[in-house]
Amino acid sequence: MPSKTIYSHRDPMLKKRDDFEDILEERRNSSDLRYALRCYTPVLYKGVPPIKASMLKSMVLQSGQIRYIISQVSKEMGRANDDILEEASAILDEMAQRLQLSTVRFFVFTLSKVFKILFRNICVNEEGIQRLQQAIQEHPVVLLPSHRSYMDFLLVSYIMYTYDLALPVIAAGMDFIGMKFIGEMLRMSGAFFLRRSFGGDKLYWAVFSEYVKTMVKNGVAPVEFFLEGTRSRTCKSLTPKLGLLNIVMDPFLKGEVFDISLVPISISYERILEEPLYARELLGVPKPKESTSGLFKARKVLNEDYGSIHVYFGQPVSLRSIAEGRVNRCQFNLIPRHIPRKPSEEIHNFVNDSAYRLVRAQEENMVLKPWALLASLLLQNHHQDQKMEQTQGIALDKLTEQALWLRDVSRQYGAFLLWPDHMPPSEIVSSSLSLHQGLVRISEGRVHLPQGAVTPEEELWSQAVIVLSCASYRNQAMHIFLRPALLASAIHAATSNKKQEVFNTFSFLRNMFSNEFILCPGATVQDFEEACYLLMKTGALQASQQELVVTEKGHRTLAFLTSMLDPFLQGYQVVCRFLCEEATENLTEKQFIPSIRKFIVKLLLSGSLRYTEVLSFDLQKNALAALLRLGAVQKIKGVLVIVWLLKQISNLCVCLGGKLPTQNAVIARL
């Protein structure tokens, strides 16, 4: 049965996770053609056969909502209803999926060949598959995978075919339509396409939402989309987008289905195919346009080793259960269901809270590889070297010792860490370094990040690509250390060890970084208590009713945790500095990124800033979003207007540098 709880605070060490099975093992020992052509008999929703594409289109165009919107648009534009209906039909033809098993079989055959070349293993939790199989038979299912690579939606469909599960229909960006042949093949594999933005196009929005809702209501197939909206270039979870989640919840909220099962899926890559591409995009290099020729040019990746993938199908979450006591569905009886209405504040808060908790559920089941820990340690050592103006790196045996220490800490924090205890630690470290040899150099028994460009500016940009690539792997572990790191930074910045002052500082930092990390709304006290618990559990902190005291043993842990958060603190501080020192009166949002990047390059080349991670477009964008949310800056007709006095922003800049403000807040309890 679907679970009611999405995420709750408890000892993370007690969380039981499923075992994995490598689905490539059988593929390496049998015929790919026979596998692609095998008998495929998926279990269906309530045993009802799938609706044909033509019938689905007819159901959408004849629905009450579409007829109502056509009437409205016709009056507004002074056009005949039949013209608007024809336009709606064309929109539907552009977006609709046309799932065909023959095309799926072709992809399965091709992907089997490609996956065996690229990856050592593709591991899936079979218990999760069994739970999903049960859920598909009982209620409409919505699949919510994490999104780190283009490979994600191919992987999920491949796994569903492998286990004889109903193939999903997948929300995809319109960009893919432009790919000759490939776009139509994706459509025939279950992809349905949406524009990146609808603007004020009421008809398009109505057709799209009704199309998705019709597939959900009738159990046409599991509906799959990415809560984060786009691939995360940083490998941190992105702030969830609510549009599609609102749409798929609507049939339940209006009483058109009894329940809907929401299934978070966590996809963990040991090495990401787009690794160097992401780092360059974060530095301002435009994303290559999706094209068939680009796909063929990318075939050089077939010469590389990308390690293993772990796909974890989480516990299906019952929408009915999580809405109980939170949502009054009677409000939907007040007006006819076919009339579109803006979600009430109650519905918006419920959808937003659910989205955050579903992304947290994805994070909890992400499998960490040793390289995520090694990347964290190597980056901290690299930053320390820069501070000391040296490039000596770290001794391999010392790196191994630190990795073992961090392994134990992360396990106590509840990390889903895949560390093979039967192998010697030195062998595990060497294997990880070998897999990521493009990001590290080993010479004379010492490990360091590569260097060697001709000019200081060339050196800066080449180093930034390496550092941002390493940071993306460190970010895979960020959700494990985030709350303790916020607390460690709060303890470091607070002027006393009084619990209330530390909590106030923690609350300030958490609020500031709520665009940067997944921090559930309204859970400040819960996060503070969890952070205190984890630091106390590992012996790093002692707590009384009034005070928090760092133990002798805890200094090493807190030094590591504050260093994890330091690049983000420095980045936000630099954005504040830029607004104080360099921002012009007519600075537009479009000008902000190139202007601040130029400012950061100047600081890095002068040696007054040591974190090249601050060059990341993502960090700069999130810092600006935080200042807009806090009201320090406003956006008026595209121009960024500084609302706070420069003195206030300057004070915030100082706060992020170490001295944080004390503010009135609720008293946390342990």
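Into which domains is the protein chain divided? The split gives domain 1 (20-365) and domain 2 (451-656), with bounds that come from an automatic or database domain assignment.

## Ground rules

This is a predicted model: local features need pLDDT of at least 70, side-chain atom pairs count only at pLDDT 80 or more, and totals for chains, interfaces and linings use all residues. Residues are numbered from 1 along each chain as its sequence is written, and side-chain values use heavy atoms, with hydrogens and water left out.

## Where the two domains meet

The C-alpha centres of domain 1 and domain 2 lie 33 Å apart. The contact (heavy atoms within 4.5 Å) takes 25 residues from domain 1 and 27 from domain 2. About 2200 Å² is buried between them, with carbon and sulfur atoms giving 58%; that's the accessible area (1.4 Å probe) that two parts lose on being put together, summed over both.

On the domain 1 side, look at Lys236, Leu282 and Leu283: they supply 31% of the area domain 1 buries against domain 2, more than any other three residues. Lys236 also pairs up with Asp618 in a salt bridge (3.6 Å, N to O). The rule, a side-chain nitrogen of Lys or Arg within 4 Å of a carboxyl oxygen of Asp or Glu, finds 2 salt bridges across this interface.

## Helix α3

Helix α3 (residues 53-61) has Leu56, Val60 and Leu61 as its buried residues, meaning under 20% relative accessible area (1.4 Å probe, protein chains only). They sit on the same side of α3 because they cover an arc of only 130° around the axis, taken from the directions from the helix axis to the C-beta atoms. Their packing partners are α4 (64-77), α5 (81-95) and α10 (202-217). Helices here are DSSP runs (H or I, at least four residues), numbered from the N terminus.

Definitions and conventions: Buried < 20%, exposed > 50% of the residue type's maximum accessible area, 1.4 Å probe, protein only. Helix = DSSP H or I, 4+ residues; strand = E, 2+ residues; numbered from the N terminus.
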